[in-house]
Amino acid sequence: MNSGMMRTPLVIKTRTQTLSTYGTPTYTFTTGDTIFGQIKDCTADEKTNHMKLDQLVTHKITTNFYPGINHYDRFTASISRDANNASKTATFEIVSIVDYRQEGHTLEMTCREVQ
């Protein structure tokens, strides 16, 4: 557990499904808990392997184990500051989740940045 490396606050956006008047599902994201993690760029091998599955990935997020995260949730993180010292936020959509060694210590999520 590299808790010193996991210092970026990540806000979990949980997907909720509602039905419209015509019966089609519509999805909204509600703000959930805040956890801490580490955001890294994906390697070229990871990007290539996901392109074979017709998926685009941009980042890898590592967090301590949190039982409420699903593969269709999103994260919002304050990633940097611009020239006016205002924080810039990014939203990451989870593509896949791996429980490293299945011990329940850390989660490694492959994500893509969405607008």
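Here is a quick tour of the fold, the core, the cysteines and a few residues worth finding in the viewer. Keep in mind that this is a predicted model. The chain has one helix and six strands, and reading from the N terminus the order is β-β-α-β-β-β-β. So if you start at the N terminus, two strands come before the helix and four strands come after it, by the order of elements under the DSSP definition.

**Overall picture**

- Of the 115 residues in the chain, 26% are buried.
- About 7700 Å² of the chain is exposed, and carbon and sulfur atoms supply 48% of that area.
- Take the contacts with a separation of 6 or more: 50% of them join residues 24 or more positions apart.

**The nonpolar core**

- The largest nonpolar core is made of 13 residues.
- Inside this core, the residues with the most contacts are I61, I69, F75, F92 and M109.
- Four strands each supply at least two residues of the core, namely β1 (8-19), β4, β5 (87-99) and β6 (106-114).
- M109 is a handy one to click on: leaving out residues up to four places away in sequence, M109 touches H59, K60, I61, T63, I69, F75, I94, S96 and I97.
- Among those partners of M109 are I61, I69 and F75, which also appear in the list of residues with the most contacts inside the core.

**The cysteines**

- There are zero disulfides in the structure.
- C42 is in no disulfide, and the nearest cysteine sulfur belongs to C111, 7.9 Å away.
- Likewise, C111 is in no disulfide, with the sulfur of C42 as its nearest at 7.9 Å.
- The pair does not count as a disulfide because the sulfur atoms would have to be within 2.5 Å, and those of C42 and C111 are 7.9 Å apart.
- C42 is buried, since its relative accessible area of 8% is under the 20% cut-off.
- C111 is buried too, with a relative accessible area of 0%.

**Around R15, F29 and Y72**

- The charged end of R15 sits over the ring of Y27, 4.2 Å from the ring centre.
- That charged end also sits over the ring of Y72, here 4.4 Å from the centre.
- F29 is in strand β2 (residues 25-41) and is partly exposed, with a relative accessible area of 32%.
- F29 and R15 are 14 residues apart in sequence, yet their C-alpha atoms are 4.5 Å apart in space.
- Setting aside neighbours within four places in sequence, F29 is in contact with K13, T14, R15, Y72 and R74.
- Y72 lies in the loop between β3 (59-64) and β4.
- Y72 counts as partly exposed because its relative accessibility of 31% falls between the 20% and 50% cut-offs.
- Beyond residues up to four places away in sequence, Y72 touches R15 and F29.
- Y72 and K13 are 59 residues apart in sequence and 9.5 Å apart from C-alpha to C-alpha.
- As for rings facing rings, the count of aromatic pairs comes to zero.

**T76 in strand β4**

- T76 is part of strand β4 (residues 74-81).
- T76 is buried, because its relative accessible area of 18% is under 20%.
- Not counting residues up to four places away in sequence, T76 touches P9, L10, V11, K13, T89, A90 and T91.

How values were computed
Residues numbered from 1 in each chain as written. Predicted model: local features only at pLDDT ≥ 70, side-chain atom pairs only at ≥ 80, totals over all residues. Heavy atoms only, no water. Buried < 20%, exposed > 50% of the residue type's maximum accessible area, 1.4 Å probe, protein only. Contact = heavy atoms within 4.5 Å. Phe/Tyr/Trp six-rings, centres within 6.5 Å; stacked < 30°, edge-to-face > 60°. Lys NZ or Arg CZ within 6 Å of the ring centre and 35° of its normal. Areas by Shrake-Rupley, 256 points an atom, 1.4 Å probe, with all protein chains shown as cover. Core = buried A, V, L, I, M, F, W, Y, C linked by side-chain atoms within 4.5 Å.
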